[in-house]
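Subject: Structure for you to look at

Dear colleague,

I am passing on the structure we talked about, with the sequence alongside. Please open it first, and then read the notes below with the model in view.

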Amino acid sequence: MLPLDGVIHDGRHHMQVRVYYEDTDFSGIVYHANYLRFMERGRTNHLRLMGAEQHALFEQAQAETPGFAFVVRSMVLDFLRPARMDDVLDIVTWPVAVKGASITLAQEVRRGTELLVKAEVRVAFICDGKAQPIPKALRVLMKADLE
């Protein structure tokens with residue numbers, strides 16, 4: 001069993017999620033939009049576990065770019081197989097590219113070795129509703145998993 005926030009192993013974040021009744025539709029399979037919630041948790045916990053200095057880096061980014069936020073810019077999903085109530089899913093997240101104002105992450109939802117959903121998510125760094133360059137300290141931290 002993995003810790004609550006998951007673990008980073010070989011540059012990939014793994015987080016387990018159990019499927020509950022509330023996650024399913026009338027047919028007993030996971031409602032498609034709930035995979036988005038599972039993957040959001042995976043991205044959030046991946047960022048949380050990236051480094052002990054994360055809070056200091058975010059404070060520095062806030063000082064450089066007050067009011068910044070990360071927002072989902074685009075997402076491509078491929079639903080391959082359904083998950084059902086009581087399944088234990090592994091949400092896997094890893095960075096694919098870090099550019100000036102965006103990060104592209106790959107994500108998978110797995111049940112054991114079986115791939116259920118795969119996604120590519122581009123997250124933009126914005127301030128006052130406009131894309132801004134990601135502060136250098138954050139960019140360096142996020143690129144650490146690419147090397």
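Strands β2 and β4 pair in the antiparallel sense, over six bridges, and in this pairing H14 has V92 of β4 as its bridge partner. Please keep in mind throughout that this is a predicted model, so that every value quoted here is computed from it.

The strands around that pairing can be followed outward in both directions. On one side, strand β1 (residues 7-9) is joined to β2 by three bridges, and these two strands run antiparallel; H9 has R12 of β2 as its bridge partner. The hairpin of β1 and β2 has two residues between the strands, and in it D10 takes a positive phi near 55°. On the other side, strand β4 (residues 88-98) is joined to β5 by eight bridges, again with the strands running antiparallel, and the hairpin between β4 and β5 passes through three residues. V92, already mentioned as the partner of H14, stands opposite E108 in β5. From β5 the pairing continues to β6 through ten bridges, also antiparallel, where T104 has R122 of β6 as its bridge partner. The hairpin of β5 and β6 has two residues between the strands, and G112 in that hairpin takes a positive phi near 65°.

Which residues of β2 point to the buried face, and which point to the other? Along this strand (residues 12-18) the side chains alternate, so that H13, M15 and V17 point to one face and are buried, whereas R12, H14, Q16 and R18 point to the other face and are not buried. R12 is also worth a look for another reason: R12 lies over the face of W94, at 3.6 Å from the ring centre. Strand β5 (residues 102-111) has eight of its ten residues buried, and it is therefore largely enclosed by the rest of the structure.

The helix α3 (residues 136-143) also has a buried side. Its buried residues are A137, L138, L141 and M142, and because they cover an arc of only 130° around the axis, they sit on the same side of α3. K136 and V140, on the other side of α3, are exposed.

Turning to the nonpolar interior, the largest nonpolar core has 26 residues, of which Y35, F38, A83, L89, I91 and V109 touch the most other members. The elements that give two or more residues to this core are β2, α1, β4, β5, β6 and α3, and the largest share, six residues, comes from β6.

A search of the whole structure finds three aromatic pairs. One of them is formed by Y35 and F38, which are arranged edge-to-face at 6.2 Å centre to centre, with 85° between the planes. Both residues lie in helix α1 (residues 32-49), three residues apart, which is about one turn of the helix. Y35 counts as buried at 3% relative accessibility, and F38 counts as buried at 0%. A further edge-to-face pair is formed by F70 and F125, at 5.4 Å centre to centre and with 65° between the planes. F70 lies in strand β3 (residues 68-79) and F125 in strand β6 (residues 114-127), so this pair ties together parts that are 55 residues apart in sequence. F125 is buried, with a relative accessible area of 0%, whereas F70 is partly exposed, with 25%.

Ring pairs also link Y35, F38 and F79 into a cluster. Leaving aside residues up to four places away in sequence, Y35 touches V30, F79, R81, P82, A83, V109 and V117.

One last position to inspect is M75, which has its place in strand β3 and counts as partly exposed at 27% relative accessibility. With residues up to four places away in sequence again left out, M75 touches L36, R43, E120 and V121. The C-alpha atoms of M75 and R122 are separated by 6.3 Å, although these two residues are 47 residues apart along the chain; R122 is the residue named above as the bridge partner of T104.

With best wishes

Technical notes. Residues are numbered from 1 along each chain as its sequence is written. This is a predicted model: local features need pLDDT of at least 70, side-chain atom pairs count only at pLDDT 80 or more; totals for chains, interfaces and linings use all residues. Side-chain values use heavy atoms; hydrogens and water are left out. Rings of Phe, Tyr and Trp (its six-membered ring) pair if their centres lie within 6.5 Å; planes under 30 degrees apart count as stacked, over 60 as edge-to-face and the rest as tilted. Helices (H or I, at least four residues) and strands (E, at least two) are DSSP runs, numbered from the N terminus. Buried means under 20% relative accessible area, exposed over 50%, partly exposed in between (1.4 Å probe, protein chains only). A charge sits over a ring if NZ of Lys or CZ of Arg is within 6 Å of the ring centre and within 35 degrees of the ring normal. Two strands pair if DSSP finds at least two bridges between them. The arc is that of the directions from the helix axis to the C-beta atoms. A nonpolar core is a set of buried Ala, Val, Leu, Ile, Met, Phe, Trp, Tyr and Cys residues joined through side-chain atoms within 4.5 Å. Contact means heavy atoms within 4.5 Å.
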